[in-house]
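Q: Hi! Could you walk me through this structure before I head back to the bench?
A: Happy to, let's look at it together.

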Amino acid sequence: MEGGRLTLRDAGGADVTGEHRWLRPLAESFGSRAVVLDGEVVTFAGTAVYVAYDLLYDDGRSLLDEPFERRRTGLEDLAVNGPRWQTAPSWPGEVDAVRRTAAEQGLPGVVGKRLDSAYAPGEESAAWVRLPGKATG
């Protein structure tokens with residue numbers, strides 16, 4: 001997002017902005033501030049919602065080499081929360097409780113990220129771990 005305009009790319013880098021015009025107000029909310037977020041469009045109760053996971057660039061400064069914990073703090077400071085966009089929840093150190101809750105809600109699992117890890121664009125990283133939901137009982 002830059003200058004109130006949105007560019008949305010899929011995992012392969014293709015521009016999919018036109019498919020998600022409903023996100024324009026999110027970009028407009030940043031005014032002239034330029035940010036690059038990592039996230040995805042998901043469906044909740046039949047409604048498409050953008051969920052932001054990471055902050056990669058903030059108003060002239062690349063954050064790719066910064067630890068995730070610092071990028072996460074910056075993302076939370078942006079307050080990406082609106083009618084159809086939100087910041088992904090985060091519970092550092094609560095792995096078992098989060099996995100159990102995911103299983104109870106029928107979710108396939110959760111993603112864990114090392115707090116000290118830099119961002120690795122365009123690739124899977126050993127710093128990311130996909131954990132299946134933990135069976136309850």
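Q: Great. How much of the contact network joins residues at least 24 apart in sequence?
A: Keep in mind that this is a predicted model. Counting contacts between residues at least 6 apart in sequence, 48% join residues at least 24 apart.

Q: And how many helices and strands are in the chain?
A: The chain has three helices and six strands. Starting at the N terminus, the order is α-β-β-β-α-β-α-β-β.

Q: Why call the chain as compact as a globular protein of that length?
A: Its radius of gyration is 16 Å, and the globule rule gives 14 Å for 137 residues; the two are close, so the chain is as compact as a globular protein of that length. Along the principal axes, the C-alpha atoms fill a box of roughly 50 × 35 × 30 Å.

Q: What about the surface: what share of it do carbon and sulfur atoms supply?
A: Carbon and sulfur atoms supply 48% of the roughly 8600 Å² that the chain exposes. As for the inside, 32% of the 137 residues count as buried.

Q: Switching to charges, how many side chains are positive and how many negative?
A: There are 16 positive and 21 negative ones, and the centres of the two sets lie 2 Å apart.

Q: One residue I'm curious about: where is Leu107?
A: Leu107 sits in the loop between α3 (95–104) and β5 (109–113).

Q: How exposed is Leu107?
A: Leu107 is partly exposed, because its relative accessible area of 44% falls between the 20% and 50% cut-offs.

Q: And how far is Leu107 from Glu76?
A: Their C-alpha atoms are separated by 24 Å, with the two residues 31 apart along the chain.

Technical notes: Residues are numbered from 1 along each chain as its sequence is written. This is a predicted model: local features need pLDDT of at least 70, side-chain atom pairs count only at pLDDT 80 or more; totals for chains, interfaces and linings use all residues. Side-chain values use heavy atoms; hydrogens and water are left out. Helices (H or I, at least four residues) and strands (E, at least two) are DSSP runs, numbered from the N terminus. The radius of gyration is taken over C-alpha atoms; the globule rule is 2.2 Å times the number of residues to the power 0.38. Buried means under 20% relative accessible area, exposed over 50%, partly exposed in between (1.4 Å probe, protein chains only). Contact means heavy atoms within 4.5 Å. Accessible areas come from the Shrake-Rupley method with a 1.4 Å probe; for residues, only the protein chains shown count as cover. Lys and Arg count as positive and Asp and Glu as negative; His and the chain ends are not counted. The place of a charge is taken as NZ of Lys, CZ of Arg, CG of Asp or CD of Glu.
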